Amino acid sequence: MKNGYLTVALTKGRLADKTLELFEKAGIRMDEMHDRDTRKLIFVNEEQKLRFFLAKGPDVPTYVEYGAADIGVAGSDIIMEEKRRVYEVLDLGFGKCRMCVAGPAETGDLLKHHEMIRVATKYPNIAREYFYNQKHQTVDIIKLNGSVELGPIVGLSDVIVDIVETGSTLRENELEVLEVVCPLSARMIVNQVSMQMDTERIRKLIAKLREVG
Ligand code: PRP
């Protein structure tokens with residue numbers, strides 16, 4: 001907490017609207033953030049002494065670990081991948097999807113027989129944990145930064161490890177879910193020092209969000 005303000009880092013993109021909705025239900029208004037044309041990066045709610053900013057998903061746990069934000073909202077995929085030292089305090093119940101291994105139907109056999117395969121993903125830590133530690137399968141992990149489904153289509157990889165929400169990206173590209181790694185959803189995370197220093201305020205906020213969520 002700086003100058004009496006709690007700072008909250010929110011994830012840009014898919015989770016942003018649902019997060020705003022939840023905070024507003026909890027009586028925390030963030031009118032300025034609805035203006036899509038604004039280039040402003042930080043928004044202040046003077047009345048409630050809160051500051052909000054939007055960041056790229058993978059950066060949210062970084063801001064929270066270093067205390068630049070006291071609180072963050074990010075997908076559990078990002079939290080698992082980034083492995084930052086933060087407290088995960090609440091499942092916000094939206095942004096539900098699954099982390100999956102996907103590929104052309106015929107690659108299912110390569111998975112069963114523990115072949116040395118190539119895996120394209122934005123989530124190398126999650127892929128490594130899944131294949132190496134859970135499945136005890138040695139694979140070659142290739143990091144991509146988006147449109148991961150291209151991997152098996154153009155022959156970069158055999159399969160992908162990626163988020164599946166509606167499944168339409170896979171369907172439209174003739175790929176299938178081959179294995180489910182884990183379910184995912186939006187989570188609230190808290191800086192470890194802030195949790196000690198501002199326990200009461202943060203606990204109240206958690207309770208309020210849980211109540212309206
Ligand atoms: C995510 C994910 C899949 C897609 C899944 O990508 O990486 O590509 O959404 O959603 P669906 O099951 O509803 O089709 P995103 O749109 O975030 O873009 P990116 O691939 O460029 O990262």
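**Pockets in the predicted model**

Start with the largest pocket: its lining is made up of 38 residues, and those sitting nearest its centre are R14, D77, K122, Y123 and I163. The structure here is a predicted model, and the space inside this pocket comes to about 1,000 Å³.

As for where the lining comes from, four elements of secondary structure each put in at least two residues: the helices α1 (14-25), α3 (76-82) and α7 (168-172), plus the strand β9 (159-164). Of the elements, α3 chips in the largest share, 5 residues. The central residues fit neatly onto this list in places: R14 falls within the 14-25 range of α1, D77 within the 76-82 range of α3, and I163 within the 159-164 range of β9. Both domains take part as well, with at least three lining residues drawn from domain 1 (6-95 + 185-212) and at least three from domain 2 (97-183). In chemical terms, the lining of the largest pocket is a mix of 14 polar, 12 charged and 12 nonpolar residues.

Next comes the second largest pocket, with a volume of about 380 Å³. A set of 15 residues lines this one, and K12, M33, R36, T38 and L54 are the ones nearest its centre. Here α1 is the top contributor, giving 3 residues to the lining; α1 also supplies at least two residues to the lining of the largest pocket. Sorted by class, the lining of the second largest pocket holds 6 charged, 6 nonpolar and 3 polar residues.

Notes:
Residues numbered from 1 in each chain as written. Predicted model: local features only at pLDDT ≥ 70, side-chain atom pairs only at ≥ 80, totals over all residues. Heavy atoms only, no water. 1 Å grid on protein atoms, 1.4 Å probe; cavity = no way out; pocket = protein on both sides within 12 Å on 5 of 7 lines; lining within 4 Å. Points joined across faces, edges and corners; volume = space filled by probe spheres on them. Nonpolar A, V, L, I, M, F, W, Y, C, P; charged D, E, K, R; others polar. Domains from an automatic or database assignment.
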